[in-house]
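Here are my notes on the structure you sent. Please read them with the model open beside you.

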Amino acid sequence: MEAIITGKNIVKTFGQGGEQTKALAGVDVEIGKGEFVAVMGPSGSGKSTLLFALSGMDGITSGSVKFDGVELSELGENELADTRRTKMGFIFQQPTMLKNLNLLDNIILPAARDKKKRDGLVKKAKNLMEKTSIVGLETRDITEVSGGQLQRAGICRALMNEPQILFADEPTGALNSKSAEEIMGLLEEINRGGTAILLVTHDAKVAARADRVLFTKDGNIVSDLPLGKPGVGDMEARGEKILSRMAAVGI
Ligand SMILES: Nc1ncnc2c1ncn2[C@@H]1O[C@H](COP(=O)(O)OP(=O)(O)O)[C@@H](O)[C@H]1O
Ligand SMILES: [Mg+2]
């Protein structure tokens with residue numbers, strides 16, 4: 001499989017002098033084009049730092065991160081921002097949205113650099129809102145929708161520029177189990193459309209949807225479990241595979 005991201009010997013240290021934390025301790029990782037990869041590990045093991053490093057959201061202390069063949073550290077600030085804006089999408093536990101804009105305007109905001117393109121963007125956003133079942137909420141204030149609906153809007157926003165990869169840091173962490181299920185169904189559908197996904201989660205049931213699961217501990221990837229695409233009715237078995245691997249590596 002051709003790689004969208006190749007990370008080699010990634011080290012990320014926070015702090016200075018005697019107060020240093022090695023959040024990533026020399027990580028090698030490869031994410032394939034269109035691949036769906038989950039990251040699991042205890043709190044503080046470096047999951048979010050890894051996601052930030054691989055997306056260029058944060059610089060690394062040493063090592064290499066290549067995105068689509070380009071070394072991220074060699075890009076200037078503007079080029080890096082452009083790469084993130086046009087090739088990557090991001091979703092977190094809860095999307096950060098502007099309170100003075102309605103849901104639709106929040107969704108198109110990052111894509112709306114050129115006011116003349118507004119009509120096309122609105123059309124695209126409405127199409128995404130339809131796919132994520134939040135059509136009809138366009139003019140709602142962001143305080144007038146549920147957590148699940150807000151997360152769907154966050155996904156729409158992340159997909160506006162048709163990214164090659166979606167980075168998701170515990171996207172179901174703040175949702176009830178029904179909303180979480182629905183969001184995961186959506187992510188699977190997005191992945192089937194060809195978008196790679198790198199998903200951080202604490203939940204083995206959520207990770208069971210991925211093609212492969214990486215396990216982090218103390219700033220290292222300590223295990224790599226290939227699951228393949230889910231088949232009919234095998235979710236439980238996949239979840240159990242993940243849990244037994246976690247037990248085997250002591251996390
Ligand atoms: N901005 C920061 N400043 C200092 N330490 C940090 C910062 N971000 C993360 N860390 C530390 O790096 C380690 C890994 O954190 P993180 O990647 O957030 O873990 P996870 O997402 O797995 O919970 C932790 O020890 C954490 O305290
Ligand atoms: Mg985290």
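1. Helix 4 covers residues 118-131, which is 14 residues. In this predicted model, the distance from its first C-alpha to its last is 20 Å, close to the 20 Å expected at 1.5 Å a residue.

2. Which residues of helix 4 are buried? They are Ala125, Leu128 and Met129. Viewed down the axis of helix 4, the buried residues fall within an arc of 100 degrees, so they line one face of the helix.

3. The other side of helix 4 has exposed residues: Asp119, Gly120, Lys123 and Glu130. A residue counts as exposed if 12 or fewer other C-beta atoms lie within 10 Å of its own, and as buried if there are 20 or more.

4. What do the buried residues of helix 4 pack against? Their partners are helix 3 (103-108) and helix 5 (147-159).

5. After helix 4 comes Ser133. The phi of Ser133 is positive, near 60 degrees.

6. Turning to the whole protein chain, there are eight helices and ten strands. The radius of gyration of the chain is 18 Å, close to the 18 Å that the globule rule gives for 251 residues, so the chain is as compact as a globular protein of that length. Its C-alpha trace spans about 50 × 45 × 35 Å along the principal axes.

7. Of the 251 residues in the protein chain, 39% are buried. Among contacts in the chain with a separation of 6 or more, 69% come from residues 24 or more positions apart.

How values were computed. Residues are numbered from 1 along each chain as its sequence is written. Chains are lettered from A and ligands numbered from 1 in the order in which they are written. This is a predicted model: local features need pLDDT of at least 70, side-chain atom pairs count only at pLDDT 80 or more; totals for chains, interfaces and linings use all residues. Helices (H or I, at least four residues) and strands (E, at least two) are DSSP runs, numbered from the N terminus. The expected span of a helix is 1.5 Å times one less than its number of residues. The arc is that of the directions from the helix axis to the C-beta atoms. Two residues are in contact if their C-beta atoms, placed from the backbone, lie within 7 Å. The radius of gyration is taken over C-alpha atoms; the globule rule is 2.2 Å times the number of residues to the power 0.38.
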